[in-house]
Every structure is written in C-alpha cells, then in structure tokens.
Amino acid sequence: MPDEPNFGDEGNKGAENAGKMSRRNFLKDAGLAAGAPAVLGGAMAISAPPDAEAAQPYNARAVPVASEAVCASGMATVTLTVNGDKYTQAVEPHWTLRQLLRDRLGFTSPKDWCGGMGACGSCTVIMNGRPVLSCMTLACECGGAVVETAEGIAKAGHPLIQAYIDHNAFQCGYCTPGFVVSAKALLDRNADPTEEDVRDALGGNLCRCATYQQHPPAVLQAAKALPEFQKRSGGEPKPSKGARA
Amino acid sequence: MKTWKKFAHVDAKTAEEAAAILKSGRAALIAGGTDLLGTLRFEILPTHPETVVNLKADPFLDYIKEYGGALRIGALTRLEDIARSALVKERYAALGEAAHRTATPHIREMGTIGGNICQLPRCWYFRTPDNRFNCVRKGGGQCFAMSGDNRYHSIFGAVKSCLAVNPGDLAPALVALDAKIHTNRRTIEAERFWDVAFPGSTVLADDEIVMEVQVPAPPEGAKSAFLKFAVRKSIDFPVVNCAALVDKAGGTARICLNAVHGKPYRAARAEAAAADALKGNSTAEEAAEAAGAAAVAEARALPGDRNKWKIQIARTLAKRAVLACLR
Ligand SMILES: Cc1cc2nc3c(=O)[nH]c(=O)nc-3n(C[C@H](O)[C@H](O)[C@H](O)COP(=O)(O)OP(=O)(O)OC[C@H]3O[C@@H](n4cnc5c(N)ncnc54)[C@H](O)[C@@H]3O)c2cc1C
Ligand code: FES
Ligand code: FES
C-alpha cells in the first residue's frame, strides 16, 4: 500500500515534516489501534512566523494603523483527554481539533463533509460535555479539554451502538459517527428524552442517504437501555467525564 | 480542499489584554469561532489577520444574571445556555426563543451572544470563497446583488449601495426588548449597535469588545415573542425573523424585523398601528393585522421582484408576533 500523506484532511500546508507517514503506519506506530494511550509531541519543527508581507490590516471594521508584531507564531503544545486517555501534542495555531484528532491522534470518526463550514455535523465530538463541531474548533484552544469521539462511545459499549444497528439508522454510514455523538450528548444531559427532544438534538446533523426517520426510535431505544448499561458499567461510562460547565 | 492561511494565536486573559492587541488593526477576536473561522478558512475578506485573539481565556464573561431591574448576559455566554435558561424563557421569552432558533444545536453550544451580534453578513456574493466578488462592502466598486440573484436581500433598500441583510437572530429580539450593549468603553442602545455604514457590521471601534448585554425587565404583564421563517427549520439563517414586545395594559408595542435590511429594522409604523389598535377597542386579531400591514408599508421588492416573497413573510411574521404577545 503506497504511503499517503496523513495531513490530507485539511490540506494543511504547515505540517511538512509529518509528510511521509501513512495513517495506517501512524496508527500502528502509536499503538492507537490497540487502544493504548500514546504521548506524542515535540516532533515537529517550529513554523515560521507569518509572512510580514502578507500581514495586512485585517478587520472589516479596521482602520489600518502602524503596528509592531504583536506576538510570535509557532507551535503550541496542548494536553487534552480523548476517550479517557491523555495526549500531549504540538499544534499550529490554525489547526482544527478535527485535524488534531484525525491526522495526529488517529481518531478518524470525526468526518469532513461540508468542508468545515459548520453545516453538516459530521465532525461532531463532545468537548467538556457539549456537542461541538471539531472543524470549527481551534486545536490550540483545547488545552485541558475532555473530548469524547464515536470511538470512545463504541468502546464503552454504549447502548446507542446496538440501537443504531437494530434500527438500520445508516446507509453509507458516513454521517453516523456525528449522529451517534450528538445523540450521546443528548442522553448525557437528558436520559429520558421525548421524540421531539431527539429531533431537536440531531437537527444539526445531515444525512445524504436520508436515514432521518430511523434516528429517533434508535435513540429512544438506547435511552430505555441506559439504566441497565449504567449498572453494568458501574455508573457512567468511562469516557464521559465532561461535566457541563 | 481549502488550505488555511496562517495566523498567530494569543489567549487574552482579560478584555484589556485583548483590546491592546486588537488596537493594531491586524488582529481578529475569536469567541466561539463559528463565524470567524468560516471567514478565515474560506478567505472571504480581502485581508487576513496576523493574529487571532482568544477571548475565551477570560473566565468572567460567561454568565446569566438578573439584578438592578435588568437581565445581564456576559458576552461569552453560549446561545444554548441562553436558550435553556429558565429565567430567560420566563421573563425574556423573545430572547430565549431567538437563541433557541439560531443555527444548529452544535453551533448554539459553541456560538456566543457577543459573536452572534457581531457576525458578518451572509450575502452569498460577500461570502464567496477567495473574495471572488470584491463587493462594495469590501472596498470594491459595486454590490453584485443589485444585478445578481437577490432573493434573500434587502426589502428596505440599500445601505450605502449594499443590499446585504443583517442575518442575526438575536438582534431583533434585543432591539424589541430595548437592550443595551455594554462594551469595554461605553454602553450602546441595541437599536444603535448596527447603525453603521460599512466597513463592519457594528458601530464598534477596532479595539472595542462587547462585555455584557443588558436587557431591562419588561413591564409587568407585558409579553414578548420571536418568530423566524427559514428554508430548513433546523439550521438555516432567517429569510425573515421578527421579535415583538407588547404591553397590552400600557398600550405600547416594540416590533423589530431582521434579515430584511442592512440593519435590524425597527417597524415604527407597526408599533404605532398596534398601539392605536390597543388603545381603541380592537380585538387582538385586528391589532395584529394592522401591525403586520404597517410593518411592510415601506417595503419594496428589488427590480425583478425576486425578493418580493419576503415582504409577505415579513408582514405575516409581524402580525403573528404581535398576536403571540396578546394571547
Ligand atoms: C451553519 C451555520 C448556521 C448558522 N445559522 C445561524 C442562524 O440561523 N442565525 C444566526 O443568528 N446565526 C447563525 N449562524 C451564525 C452563528 O450564530 C454565529 O456565528 C455565532 O453566534 C457567532 O458566535 P461566535 O461566538 O461563534 O462568534 P465568532 O465567530 O467567534 O465571532 C464572530 C465575529 O464577532 C466578533 N466578536 C466575537 N465576540 C466579540 C465580542 N465579545 N466583542 C466584539 N466582537 C466580538 C469576532 O471578532 C468575529 O468578527 C450560523 C452559523 C453557521 C456556521
Ligand atoms: S465538517 Fe464540521 S460541520 Fe461539516
Ligand atoms: S448514512 Fe449515508 S450520509 Fe447518512
């Protein structure tokens, strides 16, 4: 299998030195395939400060003023918890959380569908108890965050997974992780939702295969199975530490 | 796939720290990022910030409180928290409903009230990636919506020859409720907050930061409502939205439409019509009908009538908003 650049997700120009590693190699090397925590970071060169020529007055409401450089660019190091495990990683200021999760940490469930416009929900993750779009979250702002992805929900054996299978709540499956994560965020907040609550909570998730009708019954079935699941797993499933702020 | 242009990133611990960096004019403030990151990734503006200043590091701007006769919401408060607040829902219904009807659950969990009222327009020419339409708002020579597809554009004329509308859902609720926007420098009436010719969507100076939104408690017995018409209910920007605050006993009404003009449109004629009807012996239906008709008395479709449908929607929403307050 030929090597594929592993930063293709966002077409990031700044990750030159990560170039040669395929995602599969990356997974193997990092031991992530086996679910083992990995501490990464410091492996990348510091990027150059922004091109002074390109830096023009920005703000739409801005009146250009003479300015000295306000701060240096470069890598920031963030430590965050993903599905219960801690990771430390160097990131560039413009990297998104999705890019960090997919291209650096190997969690490929957050998808890219709408190209990062915030319009499809396929990149949804739970961060600090809130369902958020990882395509519109800067990775460098995620220090200390507690993140949960569909991988963690599946690994915990959350009843949503079986419910989605029982109800055939997918066709191609591309949108499914985003739906499952949004549904999990709802159940964390409201263990006994109405069908209307479910429709509301999934309102930001798009499905090109039009599986919409299957989702509410699947989520309601999962809600019924929650008490049993919580008893079995000794309280809350492990990854959902993200208490609402 | 779009590549990102680089920028530096700074966590500002306080608003003063953020303001000091913004003063350069080469920086952009980020709150939830749901509007800003879209404009940066797709390079919709002719310029790019050198630095993105993160206000979220300030822990003191996220709150919903009521004291001194007013509701006070910190600029970093998420829309979803506003939508779920029992206090907001009970006493400031129009604001709670506006927050609830904004965008998607995910964007409401990320997007802040400060960012929502400062968002840039959604005109599809303005938003085309790579600044392909360098329109009048960006310093170019023309408004492409004048001759192009303007089905979502202004029904109350242009602002300095730009036909884009203010797309916000919170804006009309804040105007109807007579809110004030408190910044690091001054306090601005909501009605004046967007009262501006571009560049920019708000009257804020470069280094001015929204700190708090203050909403006076409505008079005892007054009711407020917010209604929105969008193509898809679950995610879309408003085609038209409308907020109203009606004090039946006092015989007064405040009515504001949005997505119909470059700034939120306070429907003064509709307010007068509703007040007259309330003081006379009209039924709720008659008062609402009169308000709806008066709300669009000055509306005009653009040549070609592509956006004419919005006039009927605006009229109906104004009517229903008043009716909802009288029930
Ligand atoms: C798919 C999609 C659908 C949407 N639908 C709707 C909708 O239906 N209705 C609606 O109203 N909006 C809608 N939005 C817009 C969204 O609601 C707003 O983007 C959100 O509220 C902005 O908040 P934010 O904190 O993310 O702002 P940011 O993106 O962080 O900031 C937006 C702008 O405001 C400035 N800013 C932020 N905070 C402050 C402050 N405290 N002081 C001064 N300036 C500040 C920033 O510099 C930036 O220019 C939608 C967005 C998307 C992506
Ligand atoms: S990829 Fe994030 S919302 Fe579409
Ligand atoms: S199952 Fe194919 S996009 Fe939803």
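Let me begin with a term: two strands are said to pair if DSSP finds at least two bridges between them, and strands (E, at least two residues), like helices (H or I, at least four), are DSSP runs numbered from the N terminus. What you have in front of you is a predicted model, in which local features need pLDDT of at least 70 and side-chain atom pairs count only at pLDDT 80 or more, while totals for chains, interfaces and linings use all residues. Residues are numbered from 1 along each chain as its sequence is written, chains are lettered from A and ligands numbered from 1 in the order in which they are written, and side-chain values use heavy atoms, with hydrogens and water left out.

I will start with the strands of chain B. β10(B) and β11(B) pair in the antiparallel sense over seven bridges, with B:Asn241 standing opposite B:Asn258 of β11(B). Four residues lie between the strands of this hairpin, where B:Gly251 takes a positive phi near 65°.

On to the next hairpin: β11(B) is joined by two bridges to β12, residues 265-266 of chain B, and the two run antiparallel. Here B:Cys256 has B:Arg266 in β12(B) as its bridge partner, and, in the hairpin with six residues between the strands, B:Ala259 takes a positive phi near 70°.

How many of the seven residues of β11 in chain B, residues 252-258, are buried? Six of them are, where buried means under 20% relative accessible area, exposed over 50% and partly exposed in between, with a 1.4 Å probe and protein chains only.

Finally, B:Leu170, leaving aside neighbours within four places in sequence, is in contact (heavy atoms within 4.5 Å) with residues including B:Leu79, B:Leu95 and B:Ile117.
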